[in-house]
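The following exercises concern strand pairing and pocket lining. Each task is followed by a solution in steps.

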Amino acid sequence: MKKTAKFGGSSVANANQIKKLTNIVKNDKDIRAIIVSAPGKRFKADIKVTDLLINLYKDYKQDSPSYINSLDQIILRYKDIAKELDLDLRIIDSFKDTLIGFLKNIDDDFYLENAIKSAGEDFNARLIAVYLEKVGLEAKYISPKDLGIRLEYSLNDAKILDISYDLIKKYENCKEILVIPGFFGYNDEGYRLTFSRGGSDITGSMVARGLSCDIYENYTDMTYIYSANPNMFYNPAPIKNISYAEMRELSYNGFEIFQEDAVQPLLDTNIEIHVKSTNNPDEGGTIISKDRTDISENPIIGISDVGAFTSFTLTEYMMNRKIGYIKNVLDIFQYMHIAVEHIPTSIDSVSILVRSSYIKDKSRKLSIINAINSSFDLDELDLNDRLKAIAIVGEGLKDKMSKALYIFSKVLDDINVNIEYIIQGASNNSLFIFIDKDDENKALKALYKSIYEEESL
Ligand SMILES: Nc1ncnc2c1ncn2[C@@H]1O[C@H](COP(=O)(O)OP(=O)(O)O)[C@@H](O)[C@H]1O
Ligand SMILES: N[C@@H](CC(=O)OP(=O)(O)O)C(=O)O
């Protein structure tokens, strides 16, 4: 049995958490590689090191003298950890030199921002490797460059190059435990590129595949992935098994516990992902695998608050006769780099639903409206920025869609919540219900109750 284990920000936030990680690695000889995130929050109001690094980059670029404070804050986080682990503090001076070196020597803003953001995981991996060796484990830090995490930047994101897996494979029989920083890799020119937020989960999947592991353990601060966000629900039902497809859908739609792109490297493998708690490693755990076998008992796996949406509804009589109309509308959104999520249509109208977070700026909203008005001869353009979406996900929906639609509409009607849009996901394992933002809380609670307490489906 061979395992890769990834430890998220909460699992490496301070010296005490790193000691827990060390015990997990010490007690499990199957763990051949660990991926670590940057130190996360130690308490609710704390700031993740990745966010401190982003502040450092911004302050520096704005010529704000407070960049020195941002730099000191970051260095202090590592110094506190190193002191408590009784490590040689000279390593911390080298971290400061590295950050200053990046700021002074990388001229390209894009590459500078990526290098600065990546430093959180890189410093932590270096520290943790030193500590593991100090307590007698055969461990070594390895940089994503040496390991072979190769990426390219396209369509606003860092994409994995397949050559990475062959390069990582060279370490398959390495006798030391590899300590690898998550969240970044290198492009062909040798520059660092970071994944989107939460991206250390992706590094974990890449390494698990490259090393041909049987299991990818993903350590976090939760004993399970729950069927609803535990920050919004008291004691939600734990998920024991979930499929890759269900996980990806839920991650994209609000379950921030696992990055939505992190299943992609494993799609052609049989590697299981076990999500476990660093604080409670011997209990619970959620298994994410290609398929799950309990679909008939648990047709629905999770319910999530997706967040705010805005709809642009264009009405033009005889729209149905104009072939290519929707494509022309979508061109406007593509030109403005705004992802479109859903497109309900009727004979003379089309609604374009986008996440409100993509158009936070009033001016951006206005530009869309102006572009639409100048491109089409509309009878009406209606904007609704009061929408909230709820996602209900489960492979069992495929065979129970009629019943699900009947039950969920009734549940919402009983509490006087009107459905603005209801959309069946194209993959048939999801259902999206759009309602007014004032109704969101009561709708979520009522739907959760009908699924998990009354087991209506
Ligand atoms: N359905 C869910 N089940 C468990 N945790 C969830 C869920 N939805 C959101 N979360 C949140 O995800 C957090 C863990 O994700 P994250 O902060 O990325 O962890 P890590 O620090 O391990 O990277 C939890 O603390 C919890 O607040
Ligand atoms: N540190 C990065 C990457 C990451 O994966 O972090 P975490 O494992 O804490 O979600 C972030 O905050 O986005």
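**Exercise 1.** Which residues point one way from β1, which point the other way, and are they buried or exposed?

*Solution.* The model is a predicted one.
Step 1. Strand β1 covers residues 3-7.
Step 2. On one side of β1 point K3, A5 and F7, whereas T4 and K6 point the other way.
Step 3. Buried means under 20% relative accessible area. All of the residues named in Step 2 are buried, and β1 is accordingly described as mostly covered, with 5 of its 5 residues buried.

**Exercise 2.** Determine the strands with which β1 pairs, and the residues that stand opposite F7.

*Solution.*
Step 1. One partner of β1 is β9 (residues 215-220), paired in the parallel sense over 5 bridges. Here F7 stands opposite Y219.
Step 2. Another partner is β2 (residues 31-36), and this pairing is also parallel, over 5 bridges. In β2, the residue opposite F7 is V36.
Step 3. Helix α1 (residues 15-26) joins β1 and β2 in a β-α-β unit, which is right-handed.

**Exercise 3.** Describe the second largest pocket by its volume, its lining and the classes of its residues.

*Solution.*
Step 1. The space in the second largest pocket amounts to about 310 Å³.
Step 2. Its lining consists of 16 residues, of which E297, N298, P299, I300 and Y452 are the closest to the centre.
Step 3. The elements β11 (238-239) and α13 (440-453) each give two or more residues to this lining.
Step 4. Sorted by class, the lining holds 9 nonpolar, 3 polar and 4 charged residues.

Note on methods
Residues are numbered from 1 along each chain as its sequence is written. Chains are lettered from A and ligands numbered from 1 in the order in which they are written. This is a predicted model: local features need pLDDT of at least 70, side-chain atom pairs count only at pLDDT 80 or more; totals for chains, interfaces and linings use all residues. Side-chain values use heavy atoms; hydrogens and water are left out. Buried means under 20% relative accessible area, exposed over 50%, partly exposed in between (1.4 Å probe, protein chains only). Helices (H or I, at least four residues) and strands (E, at least two) are DSSP runs, numbered from the N terminus. Two strands pair if DSSP finds at least two bridges between them. A crossover is right-handed if, with the strands pointing away from the viewer, the path from the first strand over the helix to the second runs clockwise. On a 1 Å grid over the protein atoms alone, a cavity is a set of points where a 1.4 Å probe fits but cannot get out, and a pocket is an open set with protein on both sides within 12 Å along at least five of seven lines; lining residues have an atom within 4 Å of a point. Grid points are joined across faces, edges and corners, and a volume is the space filled by probe spheres set on the points. Ala, Val, Leu, Ile, Met, Phe, Trp, Tyr, Cys and Pro count as nonpolar, Asp, Glu, Lys and Arg as charged, and the others, Gly among them, as polar.
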